[in-house]
Amino acid sequence: MRTFISFFALIFFASLSWAQPYSILIKNGHVIDPKNNIDAVMDIAVSNNGKIAQVAKDIDPKQATQVIDAKGLIVTPGLVDIHTHNFVGPNADQAYMNGPGGVLPDGFTFRSGVTTVADAGSSGWRTFPEFKKNVIDRSQTRVLAFLNIVGEGMRGGAYEQRVDDMDPSAAALVARANPGVIVGIKLAHFVGADWTPADRAVAAGTKANIPVMVDFGGSTPPLSIEDLFLKHLRPGDIFTHCFAQLTTRESVVDSAAQKVKPFVLEARKRGIIFDVGYGGISFRFVQAIPAIKSGFFPNSISTDLHTGSMNGAMKDELSVMSKFLVMGMDLVSIITASTWNPAREIKREDLGNLSVGADADIAILTIREGKFGFFDYTGYKIEGNKKFECEMTIRSGKIVYDLNGLANVR
Ligand SMILES: [Zn+2]
């Protein structure tokens, strides 16, 4: 009797899955998928194995187990934030390396539509295995990493000034052993008028065939960023904190003339990538507003999420994107800078798009209208009438965040 029931149960469930090839169907959303040049109202079907199955108009809702009405909402690839700090750990004196500076990704990502982060150099070749074991392998968020050129990673203080711990061969070896997970090399926080750290980071990047991301630490007087862009970095290398204005580091906008410096435009033509990396003190409106007004948009919008930025002016990826919306960057360019551009920058072209067969990482966003304030750490404030909010996030075909119960919760 028991076998008999199981047999019918099997037939019943098998027929269900035959009848419904899609686990999720998102209907009538405004789909923005820059890679595929889609900016239109479309439906998106997700297969039972968590991949994008179809993007088309009027897909039959009977084909899906779960139908989500996205009318009036924006549907994009899961957002890709390529500057975060996630190597959180118990060691109080180790800053962003297994210390108190980082945050666990899942607590911050899905509620902002982010499905992929790239930790920006919290770990180095000596410490990456622990980061992988404790965070990367235990997160629902897809966590990738830029490997610090310093072997210890962002351990703080004197550790990050040790040029003798910047070993391009060792860094490249660990990067090559973790293809697709280690997606770049990071140089950060170095204080000194010395090009050796930048050149060693580039040497590691060349050996591992991955880009370098530079947080130009600073010196007094500052090293020339013109030389950095035109003589030291390669096309495809990434200048993060691009709208910072600090006394120890040159800025991209001449704030007196309110203009992007000519050599910055030349650097962009050469292929240097400009990434936001908002952070605690790494973004100022006095830099960003003239840049956006002149059409100089960042290639990628990233947060530099850490304990020092999460509750300040930065907040989260959508808050940073909202600032660019209010400054006048157009919606498609903002989505491009949060999906397809960062995916390409880290050579993960499988991400940041809604192509058929891609992992179904999807963000469903709304643009709220009202009166909102946006400030930077200096207190400079602008007001706007729009901001992004995340309605739902889907990671590999699973609903991992649902703000208002858009799914039929049973
Ligand atoms: Zn950072």
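## The largest cavity

By class, the lining of the largest cavity consists of eight nonpolar, five polar and two charged residues. In this classification, Ala, Val, Leu, Ile, Met, Phe, Trp, Tyr, Cys and Pro count as nonpolar, Asp, Glu, Lys and Arg as charged, and the others, Gly among them, as polar. The model is predicted: local features need pLDDT of at least 70, side-chain atom pairs count only at pLDDT 80 or more, and totals for chains, interfaces and linings use all residues. Residues are numbered from 1 along each chain as its sequence is written, and side-chain values use heavy atoms, with hydrogens and water left out.

A cavity and a pocket are both defined on a 1 Å grid over the protein atoms alone: a cavity is a set of points where a 1.4 Å probe fits but cannot get out, a pocket is an open set with protein on both sides within 12 Å along at least five of seven lines, and lining residues have an atom within 4 Å of a point. Grid points are joined across faces, edges and corners, and a volume is the space filled by probe spheres set on the points. The structure contains three cavities of 30 Å³ or more, and the volume of the largest is about 110 Å³. This largest cavity is lined by 15 residues, of which Phe190, Gly192, Phe216, Gly217 and Leu223 are the closest to its centre.

## The parallel sheet

Helices (H or I, at least four residues) and strands (E, at least two) are DSSP runs, numbered from the N terminus. Two strands pair if DSSP finds at least two bridges between them. Seven strands form an open sheet with parallel pairing, in the order β6-β7-β8-β9-β10-β11-β14. Strands β6 (79–84) and β14 (273–274) stand at the edges with a single partner strand each, so one side of each has no neighbour in the sheet. Strand β6 runs parallel to β7 (residues 114–124), and four bridges join the two; the bridge partner of Leu79 in β7 is Val114.

## Strand β10 and its neighbours

In a regular strand the side chains alternate between the two faces of the sheet. Both faces of β10 (residues 212–215) are covered: Val212 and Val214 on one side, and Met213 and Asp215 on the other, are all buried. Here, buried means under 20% relative accessible area, exposed over 50%, and partly exposed in between (1.4 Å probe, protein chains only).

Strand β9 (residues 182–188) runs parallel to β10 and is joined to β10 by four bridges; Ala188 has Asp215 in β10 as its bridge partner. Between these strands the chain passes through helix α4 (residues 196–208), forming a right-handed β-α-β crossover. A crossover is right-handed if, with the strands pointing away from the viewer, the path from the first strand over the helix to the second runs clockwise. Two bridges join β10 to the parallel strand β11 (residues 238–239), in which Ile238 stands opposite Met213. Strand β10, helix α5 (residues 225–232) and β11 also make a right-handed β-α-β unit.

## Helix α7

Seven of the nine residues of helix α7 (residues 285–293) are buried: Phe285, Gln287, Ala288, Ile289, Pro290, Ala291 and Ile292. Among the elements that cover these buried residues (contact means heavy atoms within 4.5 Å) are α8 (317–327), β15 (362–375) and β16 (381–395). Gly295, just after α7, takes a positive phi of about 90°.

## The antiparallel hairpins

Strands β15 and β16 run antiparallel and are joined by 12 bridges; one of the partnerships is that of Glu369 with Lys386 in β16. The two strands form a hairpin with five residues between them, and Gly379 in the turn has a positive phi of about 100°.

Strand β16 also pairs with β17 (residues 398–402) in the antiparallel sense, over four bridges. Thr393 stands opposite Tyr401 in β17. Two residues lie between the strands of this hairpin, in which Ser396 takes a positive phi near 50°.

## Two pockets

The largest pocket holds about 380 Å³ of space. Of its 21 lining residues, Lys315, Asp316, Ser319, Lys387 and Phe388 are the closest to its centre. Helix α8 and strands β15 and β16 each supply at least two residues of this lining, which has 10 nonpolar, five polar and six charged residues.

The second largest pocket holds about 280 Å³. Among its 18 lining residues, His189, Asp215, His241, Ile281 and Ser282 lie nearest its centre. Its lining divides into five nonpolar, nine polar and four charged residues.
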